[in-house]
Amino acid sequence: MNHTEREPGILLHLHQIQYSEANFRRARELKVFFWTSSIFLALIGILLIVDSTKTVLWDSFGCSGKIVATATLLFLAIFSITWQNRERRFENEQKRMITKINKLFRVFEEGAYGLGEEETLYPKEDRWTNWGNAELHTMSRYFRSNLVTATWVLAVLAIAMLWLVK
């Protein structure tokens, strides 16, 4: 067996490995979001059901207790968002490698694999041919529908409720 006969098998193997790694990164990002959001939601729930006529833990610590709690929540939010961005960055690296392998398989070429002259196996749209090239560290990432936005919104809500609930 020569080099060219083994190449499709090796590429297919690498393709599967990259997909597995990208899925692992996506699942890890989701887990980080879940544990962080669970903490924020639990605190929000506690603050919603607390009886204002009774003394609660943070009342005995006064303003300094709320400052420490706020700092802790901010640290948790920043840590979670940083970790989520890290996992997304690694996932995008995997996506770029998958796209390179897809190009080697000629899935974007017209007429490849016995298709019609103008047909391609995968769409030639940018979201397919440039998969994984999204800019992750723009401010717009923090104001779109994604896990990072949900994380900071929950953190701000928890902090605001901490200060507003007596």
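Q: How many residues apart are E91 and K95 in helix α2?
A: E91 and K95 are four residues apart in helix α2, so about one helical turn separates them. Keep in mind that this is a predicted model.

Q: What do the side chains of E91 and K95 do?
A: The side chains of E91 and K95 meet in a salt bridge, with 3.3 Å from N to O.

Q: Why can side chains of opposite charge pair?
A: They can pair when their charged atoms come close.

Q: And is E91 buried or exposed?
A: E91 counts as buried, because its relative accessibility is 1% and the cut-off for buried is under 20%. K95 also counts as buried, at 11% relative accessibility.

Q: How many salt bridges are there in the whole structure?
A: A search of the whole structure finds 10 salt bridges.

Q: Which residues are linked in a network of salt bridges?
A: The network links E21, R25, R28, R86 and E87. One of the bridges joins the side chains of E21 and R25, at 3.1 Å from N to O. Another is between E87 and R86, at 3.0 Å from N to O.

Q: Where do E21 and R25 lie?
A: Both are in helix α1, four residues apart, which is about one turn of the helix. E21 is partly exposed, with a relative accessible area of 27%, while R25 counts as buried at 13%.

Q: What about E87, buried or exposed?
A: E87 counts as buried, at 0% relative accessibility. Its partner R86 counts as partly exposed, at 35%.

Q: Stepping back, how many helices and strands are in the chain?
A: The chain has four helices and zero strands. From the N terminus on, the elements run α-α-α-α. Buried residues make up 34% of the 166 residues in the chain.

Q: Which residues touch the most other members of the largest nonpolar core?
A: That core has 14 residues, and F40, L43, I44, L47, L73 and A158 touch the most other members.

Q: Which elements give two or more residues to this core?
A: They are α1, α2 and α4, the last of which spans 147-164. The largest share comes from α4, with six residues.

Q: New topic: how many aromatic pairs does a search of the whole structure find?
A: It finds seven aromatic pairs. One of them is F33 with F34: their ring centres are 5.9 Å apart and their planes are at 45°, so the pair is tilted.

Q: Is F33 buried or exposed?
A: F33 is buried, with a relative accessible area of 11%. F34, on the other hand, counts as partly exposed at 47% relative accessibility.

Q: Which residues do ring pairs link into a cluster?
A: Ring pairs link W35, F75, F79 and W83 into a cluster.

Q: Which residues make the nonpolar surface patch?
A: W35, I39, F75 and F79 make a nonpolar surface patch of about 390 Å². Helices α1 (3-49) and α2 (57-104) each supply at least two residues of the patch. I39 is in helix α1 and counts as partly exposed, at 38% relative accessibility.

Q: What sits over the ring of F90?
A: The charged end of R89 sits over the ring of F90, 5.3 Å from its centre. In addition, R106 lies over the face of Y113, at 5.9 Å from the ring centre.

Q: Where is R106?
A: R106 is in the loop between α2 and α3, and α3 spans 126-129. Y113 is in the loop between α2 and α3 as well. R106 is partly exposed, with a relative accessible area of 40%.

Q: What is the phi of R106?
A: R106 has a positive phi of about 65°, although it is not a glycine. Y113 has a positive phi too, near 60°, and is likewise a residue other than glycine.

Q: Last topic: how far apart in space are A69 and W163, C-alpha to C-alpha?
A: A69 and W163 are 9.9 Å apart in space, although 94 residues separate them in sequence. A69 lies in helix α2 and is partly exposed, with a relative accessible area of 25%.

Q: And what separation do the C-alpha atoms of E29 and W83 have?
A: The C-alpha atoms of E29 and W83 are separated by 7.5 Å, with the two residues 54 apart along the chain. E29 is in helix α1 and counts as buried, at 2% relative accessibility.

Definitions and conventions:
Residues numbered from 1 in each chain as written. Predicted model: local features only at pLDDT ≥ 70, side-chain atom pairs only at ≥ 80, totals over all residues. Heavy atoms only, no water. Phe/Tyr/Trp six-rings, centres within 6.5 Å; stacked < 30°, edge-to-face > 60°. Buried < 20%, exposed > 50% of the residue type's maximum accessible area, 1.4 Å probe, protein only. Lys NZ or Arg CZ within 6 Å of the ring centre and 35° of its normal. Patch = residues over 30% accessible without salt bridge, like charges linked within 9 Å, V, L, I, M, F, W, Y side chains within 5 Å. Areas by Shrake-Rupley, 256 points an atom, 1.4 Å probe, with all protein chains shown as cover. Salt bridge = Lys/Arg side-chain N within 4 Å of Asp/Glu carboxyl O. Core = buried A, V, L, I, M, F, W, Y, C linked by side-chain atoms within 4.5 Å.
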